[in-house]
Amino acid sequence: MSTGQGAAEAAREVDRTVDVVVIGAGAVGENVADRAARTGLDVVVVEKELVGGECSYWACMPSKALLRSGHALAAAQRLPGAAEAVTGGLDAARVLARRTSFTSGWDDSSQAQWLDSAGLTLLRGTARLTGPRRLEVTGTDGTTTSLTVRQAVVLATGSVPVLPDVPGLADASPWTSREATSAREVPGRLVVLGGGVVGVELAQAWARLGSTVTLLARSGLLGGQEDFAGELVAEALRADGVDVRLGVSPTRVVRDGAVRVELSDSSVVEADEFLVATGRRPATSGVGLETVGLEDGGSLEVDDTGLVAGVDGSWLYATGDVSGRVKLTHQGKYDARATGDVIAARAAGPVETPAWSKYTATADHHAVPQVVFTDPEVAQVGLTAAQAREAGMDVKVVDYDMGNVAGASLVADGYTGKARMVVDEQRRVVVGVTFVGQDVAELLHAATVAIVGEVPLERLWHAVPAYPTVSEVWLRLLESYGL
Ligand SMILES: Cc1cc2nc3c(=O)[nH]c(=O)nc-3n(C[C@H](O)[C@H](O)[C@H](O)COP(=O)(O)OP(=O)(O)OC[C@H]3O[C@@H](n4cnc5c(N)ncnc54)[C@H](O)[C@@H]3O)c2cc1C
Ligand SMILES: NC(=O)c1ccc[n+]([C@@H]2O[C@H](COP(=O)([O-])OP(=O)(O)OC[C@H]3O[C@@H](n4cnc5c(N)ncnc54)[C@H](O)[C@@H]3O)[C@@H](O)[C@H]2O)c1
């Protein structure tokens with residue numbers, strides 16, 4: 001059965017009872033549906049835009065594709081012998097074409113086919129709860145399908161960008177991350193508002209593609225990470241020609257052809273495009289939460305299995321960005337695996353859900369890895385030193401200059417970067433790690449394993465990093481700790 005036929009057949013159904021309905025076929029919705037269906041439950045997935053969601057088409061994949069060629073070029077330029085061979089700049093048109101290939105030209109047919117092959121039924125349209133265990137789907141072809149569920153409804157509707165209330169902003173046709181990851185041309189001048197992950201990644205991507213970029217942040221960059229992460233990224237952005245302005249906010253925005261942004265320090269910036277990257281909120285509006293006793297557009301409270309609090313009967317789950325837990329694809333997919341598995345298990349009878357079981361997303365509280373894909377990369381997992389202290393731990397902080405690691409000095413001449421390990425002295429285990437430097441992303445999983453496994457430092461000592469790799473930073477951190 002082709003997916004197109006599947007969608008048309010399902011849309012003709014007026015009233016249907018199924019085991020599970022997943023609203024939203026982003027990375028998270030796909031995973032929860034797949035896991036729930038593995039024991040034979042009848043699972044319907046509803047998607048109003050593209051199967052694959054934000055990450056595939058307007059977020060993770062296109063943004064990383066926009067960054068990667070610039071990183072490769074910069075890496076070559078740091079190596080004598082290679083530097084002489086790469087005398088030109090980036091070919092922006094080729095980079096944009098490669099970006100587009102990662103989105104399959106914003107065509108979701110292959111992901112829709114995957115749903116089909118996994119035995120899931122796709123309904124293309126907008127879903128809305130109409131009461132306990134009941135939903136209505138307005139199909140993209142205008143038909144309406146009423147669904148009743150036996151087991152569960154899973155909200156996997158993602159998140160939407162937040163636009164700050166600045167006079168003139170909404171009328172100035174600002175870019176959100178969607179326009180900034182799907183643009184077909186390099187803007188001559190770009191202003192980016194927001195010093196978070198989206199802001200720094202896309203500021204660097206477009207600067208390296210040839211745009212004159214101004215980055216506005218009301219405080220430092222990458223708040224919530226160790227301070228040195230934002231400082232090193234700001235330094236690198238400035239070296240790429242980005243005008244990084246810290247401690248400023250826009251007071252008025254006017255579009256008259258170009259965009260004119262007036263700032264709190266009385267200065268003015270003009271640009272061709274204005275990217276707003278000031279965070280995202282869970283997509284809980286218009287999904288009918290008020291019909292099941294919750295607030296339309298309100299935030300959700302979910303337990304570690306994804307079950308939503310405040311709804312009788314244990315049938316409503318939420319996972320991924322919409323849950324308000326962690327807004328990252330890999331962690332959302334982890335949450336989704338727990339939720340999908342627990343739905344399948346509960347369909348068969350009562351289930352125990354202790355911490356660290358396959359039914360509970362326990363790691364959300366201890367070890368959430370994140371990579372900021374700038375150059376230098378920022379790779380962080382667990383607690384920062386400040387967060388560990390706030391949690392009341394007896395903390396020891398160990399810092400190491402990554403440039404002193406033999407493997408790093410081979411990777412790039414003049415390698416700059418910093419590593420921090422945060423140790424809970426009482427348990428003598430690592431509770432947080434941050435690496436900043438070229439190509440540190442792949443170091444992160446070792447840190448995640450150490451934290452999740454609560455590996456005692458004395459045992460971690462025996463995990464010997466190969467010479468001369470950048471991973472030798474682990475040895476240096478442990479030696480600096482005192483082992
Ligand atoms: C620019 C950018 C870059 C990012 N880069 C990374 C990265 O490198 N690594 C990382 O881990 N994370 C990254 N993220 C975060 C990541 O994109 C999200 O965490 C992830 O997409 C969340 O997945 P989700 O399935 O919960 O939501 P989404 O991907 O948003 O999917 C939700 C789906 O639900 C559908 N939907 C919503 N309402 C309805 C409805 N009523 N009926 C039917 N369908 C509906 C939507 O159309 C959508 O397809 C990035 C985010 C941005 C903005
Ligand atoms: N590589 C990755 O993992 C990656 C990449 C991009 C996005 N994401 C995820 O997507 C989500 C959204 O990213 P984001 O960067 O939009 O959000 P964010 O929360 O990371 O950063 C938002 C930034 O905007 C600032 N801000 C908020 N309101 C403002 C205002 N009124 N005026 C000026 N500045 C304001 C904040 O201080 C913060 O620096 C994040 O949760 C992030 O985890 C992840």
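# Reading two ligand shells and a β-α-β run

Q: This is a predicted model. How many residues surround ligand 1, and which are the closest?

A: 35 residues surround ligand 1. The closest are Gly24, Gly26, Gly53, Gly158 and Gly320.

Q: Which elements give two or more residues to the shell around ligand 1?

A: Start from the N terminus. Helix α2 (27-37), strand β2 (43-47), and helices α3 (53-58) and α4 (60-77) are among them. Strand β3 (121-131) is another, as are α7 (177-182) and α10 (329-348).

Q: From which domains does the shell around ligand 1 draw at least three residues each?

A: Look at the domain bounds. Domain 1 covers 3-52, 108-160 and 282-363, and domain 2 covers 170-279. Each of the two supplies at least three residues to the shell around ligand 1.

Q: How do the residues of the shell around ligand 1 divide into nonpolar, polar and charged?

A: Sort them by residue type. There are 14 nonpolar, 14 polar and seven charged residues.

Q: How many residues surround ligand 2, and which are the closest?

A: The shell around ligand 2 has 23 residues. Pro164, Gly194, Gly196, Val198 and Lys327 are the closest. By type, the shell holds ten nonpolar, nine polar and four charged residues.

Q: Which element gives the largest share of the shell around ligand 2?

A: Helix α8 does, with four residues. This helix spans 197-208. Both α8 and β16 (370-372) supply at least two residues of that shell.

Q: Where is tryptophan 206, and is this residue buried or exposed?

A: Tryptophan 206 sits in helix α8. To judge burial, count the C-beta atoms around a residue; 20 or more within 10 Å makes it buried. Tryptophan 206 has 26 others within 10 Å, so it is buried.

Q: How far apart are tryptophan 206 and proline 187, in sequence and in space?

A: Use the C-alpha atoms for the distance in space. Tryptophan 206 and proline 187 are 19 residues apart in sequence. In space, their C-alpha atoms are 8.1 Å apart.

Q: In which sense do strands β7 and β8 pair, and over how many bridges?

A: Check the strand directions, then the bridges. β7 (residues 189-193) and β8 pair in the parallel sense, over five bridges. Valine 192 stands opposite leucine 215 in β8. Together with α8, these two strands make a right-handed β-α-β unit.

Q: What follows strand β8 along the chain?

A: The chain goes from β8 through helix α9 (residues 227-239) to β9, and this β-α-β crossover is right-handed too. Strands β8 and β9 (residues 243-246) run parallel, joined by four bridges. Here threonine 214 stands opposite aspartate 243 in β9.

Q: Is strand β8 mostly covered or mostly exposed?

A: Count its buried residues. β8 (residues 212-217) is mostly covered, with five of its six residues buried.

Q: Which residues does UniProt list for "domain: FAD/NAD(P)-binding"?

A: UniProt, in an unreviewed entry, lists 19-331. Over residues 19-331 the chain is 28% helix and 27% strand. The end C-alpha atoms of this stretch are 25 Å apart.

Q: Which residues does UniProt list for "domain: Pyridine nucleotide-disulphide oxidoreductase dimerisation"?

A: The unreviewed entry gives residues 368-474. That stretch is 25% helix and 30% strand, with its end C-alpha atoms 19 Å apart.

Technical notes
Residues are numbered from 1 along each chain as its sequence is written. Chains are lettered from A and ligands numbered from 1 in the order in which they are written. This is a predicted model: local features need pLDDT of at least 70, side-chain atom pairs count only at pLDDT 80 or more; totals for chains, interfaces and linings use all residues. A residue is near a molecule or strand if its C-beta atom, placed from the backbone, lies within 6 Å of it. Ala, Val, Leu, Ile, Met, Phe, Trp, Tyr, Cys and Pro count as nonpolar, Asp, Glu, Lys and Arg as charged, and the others, Gly among them, as polar. A residue is buried if 20 or more other C-beta atoms lie within 10 Å of its own, exposed if 12 or fewer, and partly exposed in between; C-beta atoms are placed from the backbone. Two strands pair if DSSP finds at least two bridges between them. A crossover is right-handed if, with the strands pointing away from the viewer, the path from the first strand over the helix to the second runs clockwise. Domain bounds come from an automatic or database domain assignment. UniProt positions are given in the numbering used here, feature names are shortened, and annotations may be inferred rather than shown by experiment.
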